[in-house]
Amino acid sequence: NAAMLLFDLLERPDFKDDLEYEATQLLLGDCLLEMDNSQAARELFLKVASGRDPALAEEARLFLLELALGNPASTDEILRRAVNDLGGDASSDRTRYGLGKAELRLGNADKAIDWLQTIGTGSALYNRSRFYLGAAYVAKGQVDLALEIFRQLTTVEIKDKTTVELRDQAWLAVGRLLVQRGNYDLGLTSYQNIDRNSPHYEEAVYEMPWAYINQDKYDKALQTVEVLLLTVKNDQHEIDAHVLRGQLNVMQQNYDEALASYQTIVDRFAPVRNELANFTKNPADVQRYFKWLLERRKGLGQLKSPLSEKTVSWL
């Protein structure tokens, strides 16, 4: 509804020279992002970034940087261009936070640290900036500093979903670093501090067997994998767990159990493979799939799906 109102306003000829025109473009871009229309949002941000208002231009360039950071397909060149567009106009914590994340992604840990350290304790982004600061220290091999930061983040006051997830990610980071150092018992305890309802719970439980494997405790590793398979929901985690279960059974010469694990993966994904193989033989089916992708948020979207729910989920 907001996007429709803003679009109508921008289309009015008498509004083109209004002082609020670029602010309206920026707000419409934000709406389009919420609607998962990043391409249209990007076009608006590019216009505002080259506009008259310096503050709005910085905000638009920051949106462009965040779009680049959020896209796994972004190359170093795309990210570097987004960073250069912001230049030295880092007047807000949000901009400095974005630049710190981008420099870390580009492999410039020292520059990332310089940006992230400028965000003070009173900022709403302070805790999140500390997490990436810890990651930058890991990139530099300064594990003691990283551990200190991540341990502090495990004690943050829980205010909302963001801080809950941040704390879980911090426990995950502490567990990984301790296991890498050979401190397996403390590492395992850190993993166990992640709540069962956390989106990072499955990841933590999957990593725990590796701590046992490093101690040659294959029975304990296998038990942990079995626990994960009882509750796992993420397809990739389930595949990885079955593969690990098979490997552990091979190491213990339980070949029938190992074959059963591998066969589970084949049985689970053979129907998906077969459906896709048949579906892609007809170019019209592929066209139909992409048309459905564009309209799937509308009513009856599931009923009109050209593929089964399982295959759509896999895709």
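In this predicted model, Val250, Tyr255 and Tyr262 come together in a nonpolar surface patch of about 270 Å². Tyr262 belongs to helix H15, which spans residues 255–279. With a relative accessibility of 31%, Tyr262 is classed as partly exposed, because that class lies between the limits of 20% for buried and 50% for exposed residues.

Turning from the surface to the interior, the largest nonpolar core holds 24 residues, and those touching the most other members are Tyr191, Ile194, Val225, Leu228, Leu244 and Leu248. At least two residues of this core come from each of helices H10 (161–180), H11 (184–192), H12 (201–214), H13 (218–231) and H14 (235–251). The most generous contributor to this core is H12, with eight residues. Leu228 offers a good view of the packing: when neighbours within four places in sequence are set aside, Leu228 is in contact with Glu202, Val205, Tyr206 and Ala241. Another core lies apart from the one just described and comprises 23 residues, including Tyr97, Leu153, Ala170 and Val174.

Helix H9 is also worth a look. Within this helix, which covers residues 143–153, the buried positions are Ala146, Leu147, Ile149, Phe150 and Leu153. In a view down the axis of H9, the buried residues fall within an arc of 165°, so they line one face of the helix. As for their partners, the buried residues of H9 pack against H10 and against helix H8 (126–139).

Definitions and conventions:
Residues are numbered from 1 along each chain as its sequence is written. This is a predicted model: local features need pLDDT of at least 70, side-chain atom pairs count only at pLDDT 80 or more; totals for chains, interfaces and linings use all residues. Side-chain values use heavy atoms; hydrogens and water are left out. A nonpolar core is a set of buried Ala, Val, Leu, Ile, Met, Phe, Trp, Tyr and Cys residues joined through side-chain atoms within 4.5 Å. Buried means under 20% relative accessible area, exposed over 50%, partly exposed in between (1.4 Å probe, protein chains only). Helices (H or I, at least four residues) and strands (E, at least two) are DSSP runs, numbered from the N terminus. Contact means heavy atoms within 4.5 Å. The arc is that of the directions from the helix axis to the C-beta atoms. Patches are made of residues with over 30% relative accessible area and no salt bridge: like charges are joined within 9 Å, nonpolar side chains (Val, Leu, Ile, Met, Phe, Trp, Tyr) within 5 Å. Accessible areas come from the Shrake-Rupley method with a 1.4 Å probe; for residues, only the protein chains shown count as cover. A salt bridge is a side-chain nitrogen of Lys or Arg within 4 Å of a carboxyl oxygen of Asp or Glu.
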